[in-house]
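Visitor: I am new to this structure and would like a close look at a single part, namely the sheet and the places where the chains meet. Could you take me through that part slowly?

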Protein chains: 4
Amino acid sequence: MTAAFPPRDPAYAERVGASFARQTMMGTLGAAILRVAPGEVDIGLPVAPHILQQHGFVHGGAVTCLADSAAGYAALTLMEAGSGVLTVEFKINLLSPARGDRLVAEGRVTRPGRTLTVCQATVYGEAAGRRETVALLTATMMRVEGRPGIVD
Amino acid sequence: MTAAFPPRDPAYAERVGASFARQTMMGTLGAAILRVAPGEVDIGLPVAPHILQQHGFVHGGAVTCLADSAAGYAALTLMEAGSGVLTVEFKINLLSPARGDRLVAEGRVTRPGRTLTVCQATVYGEAAGRRETVALLTATMMRVEGRPGIVD
Amino acid sequence: MTAAFPPRDPAYAERVGASFARQTMMGTLGAAILRVAPGEVDIGLPVAPHILQQHGFVHGGAVTCLADSAAGYAALTLMEAGSGVLTVEFKINLLSPARGDRLVAEGRVTRPGRTLTVCQATVYGEAAGRRETVALLTATMMRVEGRPGIVD
Amino acid sequence: MTAAFPPRDPAYAERVGASFARQTMMGTLGAAILRVAPGEVDIGLPVAPHILQQHGFVHGGAVTCLADSAAGYAALTLMEAGSGVLTVEFKINLLSPARGDRLVAEGRVTRPGRTLTVCQATVYGEAAGRRETVALLTATMMRVEGRPGIVD
């Protein structure tokens, strides 16, 4: 599903890190970047009491935050300096209750494009060395240029 | 798009309120229920500094949390007592940057079913009496029964 | 859900008709345009023995063909002369078995944009004056310009 | 993304073949089953003049027919005798123009369930030994039992 894509900006990892740091939502959740490579970004989130839904699992919206950011930043790794990335739309299937010690979202570029990039993200729940697939996301990301305030 | 559906549990509004109160994620965001009617739930969220993405708009994941909960609880209003509601999957289109003083997600049941219920949610950004459509979500919700811990 | 959008090309209805006529797939199904207005296209399809799935209903893929074309041409009605329209992605919920005498897909522009246009389509099954909602589609359409062979 | 799933009905391949043969839509397109294995179904479709869109590529709806059937029959391979399979919903991203000598849709079960099965399908365009990814579909399939006429 993943291929090696050449980055257009050698400072792609720093850009992703700096942009991620501006997402206050990630800090509110408690999420952190685990890995950045061309076309690939992994984000981790410790399961914690402030991000749950009514049955005690992690809220589907929190799972989605993670998957969306992992997919969006995977797209950003392949964009020229000066570009900004926006999520156009996505679909997510919630396969299993989101639980464990930690969630990990692995965002991958499926098909990069000049304007639109298609990405997929898989979210896993990890506990005691075991991994369960929690969710699958497919997203369309858009590169914008010259739009004031939209630079990553 | 919405029709009047008869609720199967007269205490549907209390059930929605009690279940929502257990979603710690909603408290973390700062969201509150605005309105509950058969097949309809509206949720409001003041725009605040802790839920933003990198360009200063509300994070798409937070918008999605709101829309998912509004859609899921709209489905719950029509379910029998003893049922629990789970999100199977959804798709969301982010139409405009999520900004304003407050976001409002209006969840509506499109087609109720014994097992699966299709819902839609529209998210608006409100500021100074003006309303802008921010996102459209279509979701498949599942009613579960007799699964330990999954009751709403 | 629909608003009145001003067309940029006064010959929009002729363009839609001419482009539709080139879709051999529509002829193979037996589909015909019923109505064209700015941001709105309706397509009809008589239920017939050559487009069914295994239980005797119209195939979900045929329903999707109809909805996709209705949504795409709704987008095209608002585009400048010289543009071409491509489907980027869509999601469809199949709500009821597709049956009746005729299917009608009503495509509507939800949010027009310079590059991307979000559309929705509802597909109905009609029989003896009765209408049942069969499917709901949400699509992202892209305007392309200057790409050889992609003009509508 | 695919795992080996044990079939519950040893005659799964015959069931898929018999059900596929009843889909007149597949015959109208010119599609044929290429391969059936537990959780996996591949369908081929020669590119032909009667299934095109307005720019001369295969119609997105035809691509979707193929992907939907491949995904649905992949789900059916894992279901008990006496079950029927229905498509609840799907999302498809059209990544490249659908062209070549032949399209091949590879349907795979991602997560089987008692009631709902999540599947993915990838559609390729093949020409002169070259393969290009044309589309990615993610679908929710439903197993029904005891519903008159809905048996596969």
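Guide: What follows goes from one chain to the sheet, then to the contacts between chains, and ends with a loop.

Please keep in mind from the start that this is a predicted model. Chain A is a convenient place to begin, with a secondary structure of 3 helices and 6 strands, which follow one another along the sequence in the pattern α-α-β-β-α-β-β-β-β. The C-alpha trace of chain A spans about 45 × 30 × 25 Å along its principal axes. A compact globule of 152 residues would have a radius of gyration near 15 Å, and because chain A has 15 Å, the two agree. Of the 152 residues in chain A, 59% are buried. If one takes the contacts in chain A between residues at least 6 apart in sequence, 70% of them join residues at least 24 apart.

The sheet itself can be followed in chains C and D, where 12 strands form an open sheet with antiparallel pairing, in the order E1(C)-E2(C)-E4(C)-E5(C)-E6(C)-E3(C)-E3(D)-E6(D)-E5(D)-E4(D)-E2(D)-E1(D). At the edges stand strand E1 (32-37) of chain C and strand E1 (32-37) of chain D, each of which pairs on one side only. From one strand to the next, the twist averages 25 degrees. Within chain D, strand E3 (residues 83-94) and strand E6 (residues 130-145) are paired in the antiparallel sense over 11 bridges, and here Lys91(D) stands opposite Thr138(D) in E6(D). Helix H3 (residues 60-76) of chain D packs on this sheet, where it touches strand E3 (83-94) of chain C as well as several strands of chain D, among them strand E2 (40-46) and strand E4 (102-111). The direction of that helix makes about 40 degrees with the direction of E4(D).

A pairing between chains can also be followed in A and B, where strand E3 (residues 83-94) of chain A and E3(B) run antiparallel and are joined by 5 bridges. In this pairing, Lys91(A) has Lys91(B) in E3(B) as its bridge partner. The contact between these two chains takes 34 residues from chain A and 34 residues from chain B. On the side of chain B that touches chain A, the elements giving two or more residues are helix H1 (12-22), helix H2 (24-29), helix H3 (60-76) and strand E3 (83-94) of chain B, and E3(B) gives the most, with 9 residues. Sorted by class, that side of chain B has 11 nonpolar, 18 polar and 5 charged residues.

Chains A and C can be compared as copies, for a rotation of 180 degrees with 0.0 Å of shift along its axis superposes chain C on chain A, with an RMSD of 0.0 Å. The two copies are therefore related as by a two-fold rotation axis. In chain C, the C-alpha nearest the axis belongs to Lys91(C), at 4.1 Å from it. The same surface serves both copies, since 100% of the contact residues of chain C recur in chain A.

One loop remains. Gly113(B) lies in the loop between strand E4 (102-111) and strand E5 (116-127) of chain B, and it counts as partly exposed because it has 16 C-beta neighbours inside 10 Å. From C-alpha to C-alpha, Gly113(B) and His55(B) are 40 Å apart in space, while in sequence they are 58 residues apart.

Note on methods: Residues are numbered from 1 along each chain as its sequence is written. Chains are lettered from A and ligands numbered from 1 in the order in which they are written. This is a predicted model: local features need pLDDT of at least 70, side-chain atom pairs count only at pLDDT 80 or more; totals for chains, interfaces and linings use all residues. Two strands pair if DSSP finds at least two bridges between them. Helices (H or I, at least four residues) and strands (E, at least two) are DSSP runs, numbered from the N terminus. Axes are lines fitted to C-alpha atoms, for helices over the stretch in contact, and angles run from 0 to 180 degrees between N-to-C directions. Two residues are in contact if their C-beta atoms, placed from the backbone, lie within 7 Å. The radius of gyration is taken over C-alpha atoms; the globule rule is 2.2 Å times the number of residues to the power 0.38. A residue is buried if 20 or more other C-beta atoms lie within 10 Å of its own, exposed if 12 or fewer, and partly exposed in between; C-beta atoms are placed from the backbone. Ala, Val, Leu, Ile, Met, Phe, Trp, Tyr, Cys and Pro count as nonpolar, Asp, Glu, Lys and Arg as charged, and the others, Gly among them, as polar. Copies are superposed by least squares on the C-alpha atoms of residues with pLDDT of at least 70 in both.
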